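Grab the model and work through these exercises with the viewer open. Try each task yourself before reading the solution under it.

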Amino acid sequence: MIALEFSTFLGRFHPLFVHLPIGFLILAIVLEWIENFRKTETKSKLIPIAWLLGAISAAAAAFSGWWLGETGLYEEDMLFSHRWLGITLVVFAFVGWWLKKKPNSYSKLVQNGFNIILLIMLSIEGHKGGNLTHGETYLTEYAPESIQSILGVSTTKDSITSLGTPDSVLVYRDLIKPIFDSKCVACHNNEIKRGGLNMAHADSLQLGGEGGLAIAPGNIAESELFRRITLPQKSIKFMPPTQNALTYDEIKTVEWWINKGASYEDPVSAFAVDDNIKPVLLRRFGIDTDPKPWYETVTIAAADSTLIINLQKIGFTVNTLGATNNLLDIKYSGSELTQEKIKALENVKDHITWLSLAQTNIEDDWLSSLSGFTNLTRLQLEKTAVTDKGVSHLISLSHLEALNLYNTNVTDACLTSIDKINSLKRVYLWGTNVKPETAKNIADNKDDLEVILGEG
Amino acid sequence: MCTHDHKKNFSRRDFLTKTTLGMGAMSMASLLDPMDLFAGDKQKLVNSFGSGGTLGQPHFPAKVKRVIYLFQSGAPSQLDLFDYKPLLNKMQGQDLPKSVQGEQRLTGMSSGQATLPIAGSVFDFKQHGDSGAWMSNLMPHTSKIVDELCFIKSMYTEAINHDPAVTFFQTGSQLPGRPSIGSWVSYGLGSDNKNLPEFVVLVTKDKFGQPLYSRSWGNGFLPSQHQGVQFRSGKDPVLYLTNPPGIDGKSRREQLDHLQKLEQLNHEDLSDPEILARMAQYEMAFRMQTSVPEIMDTKDESDATYAMYGEDSRKPGTYAANCILARRLAERDVKFIQLYHQGWDQHGNLPNAIKGQCKETDQATAALITDLKQRGMLEDTLVIWGGEFGRTNYSQGKLTPDNFGRDHHPKCFTIFMAGAGIKKGFTLGATDDFGYNIAQRPVHVHDFQATLMHLLGVDHERLTFKFQGRRYRLTDVHGDVVKEILA
């Protein structure tokens, strides 16, 4: 066994030698056919010499090619056929030399048949070699679309695939395994286990390889796989060696998966999503890990149109949230509000998500109608005479996120009610009798609640 | 005379296609759903929703119901305000390396210079707030509210001179003639207040520099009631709105009623949709005779408010006064309010000039955002601050220790936003150490426009208008929503 460096040195002559047999053999065959075409009486003695040169240079190419293949920089299954077809070609070239030395001993059919077989082998072999070096898409990447479609080449470029929601996407199955499949499994599978590592299955991956654990859950420093994919690309140990390195986003995804325990079953929602991985998940996989606002998660049939028209008649401005969302955004824009009008809202209580009664003559007691509005997320009561009593009617609103009480008559006492609205995220209390100290107190005690008091 | 509505005058060809295909479609529809053919309530409902915009209802939930766009015309220097580049101070006076400049074209104003001396900022930069956003000491008030803001430091544009760049930002095309953002919004979403226009423009008075053209708030080929209406300071906020001397409201109303009848006849005859637009505008003007004075009369604003926006805010026509007006318009549900403040074009004497600009704008900008927040209006209002491009990292003209100028730079600049639907205390994108090229997450002007429309509930690819044989949209054939900044 010669040293790896020296065999690699020999191997690198492969691209140099490999073009010689192609030239010699094609030249020999073309010359023979020209002579046939011209019906030359005596066959040229140079043709067998061209065959011999072709055979010898093919042997040299095969020899150097063998060592180039041993460097492990090529995908195994493609390499296998290229290697053995090449060796067969060497044998065929010598046979050809022997055949052509006696042009008259064999029929034209044998001679030409042999030529054609050799040409076909030569083309396939050359093409396979090109694919190994430049990648399978090199030749057709910039072909006109019509030619690509004839050849059946898929033209899909690397695009963002939108996978779905965080609880339906499994991190290993949907994010990690596709990366491994495209970048690693060609050389780390059931048949070829380079370095003793098989990455085709979750079980075999957990066994690791000769270098120890490929994946050490929760510890990227101990994970040989992570070390190899992040080495300098010049390093002989850098993986994958096929000039098909993992992208930044792929490395970040693998890092996140290992750091968070390398689970093989859990969905994205079970993983801690920090700010570093969030944009990667969004950009690379189209997974939005930010919680959706409540109104986007509700599916509800459209409200009865006659009810809506009636509401519009008594002074409410009614809009749906959008063409794809049947929840309602309602604002009172008439002149005089009455309790009957508020009661009319109860008919569409499950549909109302944004409600503005700002700058109206709303009275505390009327707000009791709102207590069953399960999907209400934003309520505007600013610039009204609402007091603490009115706010106490709102404690049963289970999805209220924003409550505007700016310029109302509420006092510190309303904070007890506000404290009971668990879903509340923002409450506006500027221009009320609520004292800054008490407001600060409640904001400190209640997670996620922002109390906006304003200046002056 | 050239909008597609004009085709309501059927030609022989239209008649033949519509009757043949139309009859087919009708029989098909009746086969599929005979009850639906003479659409009853369902159809009525679609029409009754929305605020009179073409879309009827937004494509998806609109996190933003109104926009206040504080346009800083002339291109503020991002390198002296937000984009902190200490390397420039280290390399002060050295020639900008060719490798950094790359293929970037320069304007005729500095392309002839023998050297392009790198000019570091003369202002002190500090990080502010929990978000740690970098700000220079030029904007002390805005620095205090950085945790409300979302910065995009990797904006870029294609235009290199003011007018094409402003036109590009406001209409999506460098060539004049397309509708502005506010007009598209008005056309698509309609109005929430029938007494005021959907799109109002306020320009700081007595500012000079690069001219502003009204096409920046023009309606282009959209029906003309969608153009921005400029409110001025002084006796006549909207020109020609008041009745002529000796004409009272009653006779004005009478006159309009008769005019309506005449115009109606005219329309029946010609079918020109611009006749309808003109009638709508006459009616709007009539309603504005009461609504506009009410808006412009700021007597009911408290002293605390004036103190917050700065003393300038008592002088009508200043940026600060316009910020108060913008808030008043937003309170009355005007959909798109656009301020223009000129004078940021500092080719020379930058350190002094930019101080003046910041003094005029910083306090009021910060006050407007704070004021909207305390009133709960940031729940559904978006504020945008930005110019049309950035400024170079090298000095135009002579570089001295305390004086220099910066030329136009379209390759990178900073804008910020605050309010509904976007992340707070967040910075997207970054430039390289020279502040010359974008290093991370480039955001094109069309991406910005797509994002703005998205926040308003509009799919920018689906709000179109057919004109001269093809369907136009704000973002032409470009633009991707910048999802990273959405909250």
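**Exercise 1.** In this predicted model, work out how helix α12 (residues 319-331) of chain B and helix α13 (residues 350-374) of chain B lie relative to each other.

*Solution.*
- Start with the axes: those of α12(B) and α13(B) come within 8 Å and cross at roughly 15°.
- Angles under 35 degrees count as roughly parallel, so α12(B) is roughly parallel to α13(B).
- Now the hand: α12(B) goes past α13(B) in a right-handed crossing.
- Look at who touches whom. From α12(B) come Tyr319(B), Ala320(B), Cys323(B), Ala326(B) and Arg327(B). Their partners in α13(B) include Glu360(B), Ala364(B), Leu368(B) and Leu372(B).
- Sort the residues of this contact by class and you get 8 nonpolar, 3 polar and 3 charged.

**Exercise 2.** Do the same for helix α8 (residues 171-183) of chain A and helix α11 (residues 248-259) of chain A.

*Solution.*
- The two axes come within 10 Å, and the crossing angle is roughly 135°.
- That angle makes α8(A) oblique to α11(A).
- As for the hand, α8(A) and α11(A) make a left-handed crossing.
- On the α8(A) side, pick out Val171(A), Leu175(A), Ile176(A) and Ile179(A). They meet Glu250(A), Thr253(A), Val254(A) and Trp257(A) of α11(A).
- The class count for this contact is 6 nonpolar, 1 polar and 1 charged.

**Exercise 3.** How many residues of helix α8 (residues 181-189) of chain B are buried, and what covers them?

*Solution.*
- Use the cut-off: a residue is buried if 20 or more other C-beta atoms lie within 10 Å of its own.
- Go along α8(B) and you'll find Ile181(B), Gly182(B), Ser183(B), Trp184(B), Val185(B), Ser186(B), Tyr187(B), Gly188(B) and Leu189(B) buried.
- That is 9 of the 9 residues, so α8(B) is largely enclosed by the rest of the structure.
- The cover includes α7 (162-171), β5 (199-203), β7 (336-341) and α14 (445-455) of chain B.
- One last thing to check: Gly190(B), just after α8(B), has a positive phi of about 75°.

**Exercise 4.** Describe the overall build of chain A, then pull out the matching numbers for chain B.

*Solution.*
- Count the secondary structure of chain A: 18 helices and 7 strands.
- The radius of gyration of chain A is 38 Å, well over the 23 Å that the globule rule gives for 456 residues, so chain A is more spread out than a compact globule.
- Along the principal axes, the C-alpha atoms of chain A fill a box of roughly 115 × 50 × 40 Å.
- Over its 456 residues, 32% of chain A counts as buried.
- Take contacts in chain A between residues at least 6 apart in sequence: 60% of them join residues at least 24 apart.
- Over to chain B, with 14 helices and 17 strands.
- Of the 487 residues in chain B, 47% are buried.
- For chain B, contacts between residues at least 6 apart in sequence join residues at least 24 apart in 76% of cases.

**Exercise 5.** Which elements of chain A supply the side that touches chain B?

*Solution.*
- First the totals: 28 residues of chain A are in contact with 23 residues of chain B.
- At least two residues each come from α12 (278-285), α13 (294-297), α14 (305-313), β1 (316-322), β4 (378-380) and β5 (402-404) of chain A.
- α14(A) gives the largest share, 5 residues.
- By class, this side of chain A has 12 nonpolar, 12 polar and 4 charged residues.

Terms used. Residues numbered from 1 in each chain as written. Chains lettered and ligands numbered in written order. Predicted model: local features only at pLDDT ≥ 70, side-chain atom pairs only at ≥ 80, totals over all residues. Contact = placed C-beta atoms within 7 Å. Helix = DSSP H or I, 4+ residues; strand = E, 2+ residues; numbered from the N terminus. Nonpolar A, V, L, I, M, F, W, Y, C, P; charged D, E, K, R; others polar. Axes fitted to C-alpha atoms, helices over the stretch in contact; angles between N-to-C directions. Parallel < 35°, antiparallel > 145°, perpendicular 65-115°, else oblique. Left-handed = near helix turned anticlockwise from the far one by under 90°. Rg over C-alpha atoms; globule rule 2.2 N^0.38 Å. Buried ≥ 20, exposed ≤ 12 C-beta atoms within 10 Å, placed from the backbone.
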